Amino acid sequence: MSYAIDSQSENTKRALSMFQRYDIDTQLALLWYGYLDIKDELTPAPPATADNLAHILYGEIKALPQEQQLQVQRDILSGADSEFGKTYSAMSNSARIEVWLLLGQGMESGEIINVPSDYKLPEQTHEFSDFISGLSFEERVGFMQAGVQRMGTTSKA
């Protein structure tokens, strides 16, 4: 699969608008559940340079204590002006999506702090979840791609 999916469709724009209304921790949880939803159908193939940069950033995040791992994810998602946010912002779109795929894999393997097993999404996310569930695989990937591309310190401009 290529990362060249239309991330500007009306469904993608609507999903992004809904997603951005939630607080950062809810957004992180929704990304996690979104990753679980599409991971078995993904066959990522970013350019080798994107892969290397993503692995370097992932390795730096993985080396942190779990609470700091969570803070880095929050910083990237919120566009905080942090070292990790700046590094992420300087990456290509392919590298950005690869970072989040690696984080999802790291959560599965226990290398990265995971959503608590007893976590329940807030009630107000049901409309969003229902909307996303009704999208095609390509549209769900398009939403995830557009979402991670907008993250980082330059995304607030």
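## What surrounds α2

The cover over the buried residues of α2 includes α1 (10-19), α4 (66-78), α6 (93-109), α7 (126-133) and α8 (137-150). Keep in mind that this is a predicted model.

And which residues of α2 are buried? They are T26, Q27, L28, A29, L30, L31, W32, G34, Y35 and I38.

## α2 itself

Helix α2 runs over residues 24-38, and at 1.5 Å a residue its 15 residues should span 21 Å; the end C-alpha atoms sit 21 Å apart, so the two agree. At the start of the helix, D23 puts a side-chain oxygen within 3.1 Å of the backbone nitrogen of D25.

## Where α2 meets α6

Two packed helices are described by the angle between their axes and the distance between the axes. For α2 and α6, the axes come within 10 Å and cross at roughly 85°. An angle of 65 to 115 degrees counts as roughly perpendicular, and α2 and α6 are therefore roughly perpendicular to each other.

On the α2 side, the contact is made by L28, L31, W32, Y35 and L36, and these meet W100, L101, G104, Q105, M107 and E108 of α6. Sorted by class, that makes eight nonpolar, two polar and one charged residues.

## A look at α4

α4, one of the helices covering α2, has 13 residues. Its first and last C-alpha atoms are 18 Å apart, close to the 18 Å expected at 1.5 Å a residue. Buried in α4 are Q69, L70, V72, Q73, D75, I76 and L77. After α4 comes G79, with a positive phi near 80°.

Technical notes
Residues numbered from 1 in each chain as written. Predicted model: local features only at pLDDT ≥ 70, side-chain atom pairs only at ≥ 80, totals over all residues. Heavy atoms only, no water. Helix = DSSP H or I, 4+ residues; strand = E, 2+ residues; numbered from the N terminus. Expected span 1.5 Å × (residues − 1). Buried < 20%, exposed > 50% of the residue type's maximum accessible area, 1.4 Å probe, protein only. Contact = heavy atoms within 4.5 Å. Polar contact = N/O pair within 3.5 Å; in protein donor to acceptor, adjacent residues only side chain to side chain. Axes fitted to C-alpha atoms, helices over the stretch in contact; angles between N-to-C directions. Parallel < 35°, antiparallel > 145°, perpendicular 65-115°, else oblique. Nonpolar A, V, L, I, M, F, W, Y, C, P; charged D, E, K, R; others polar.
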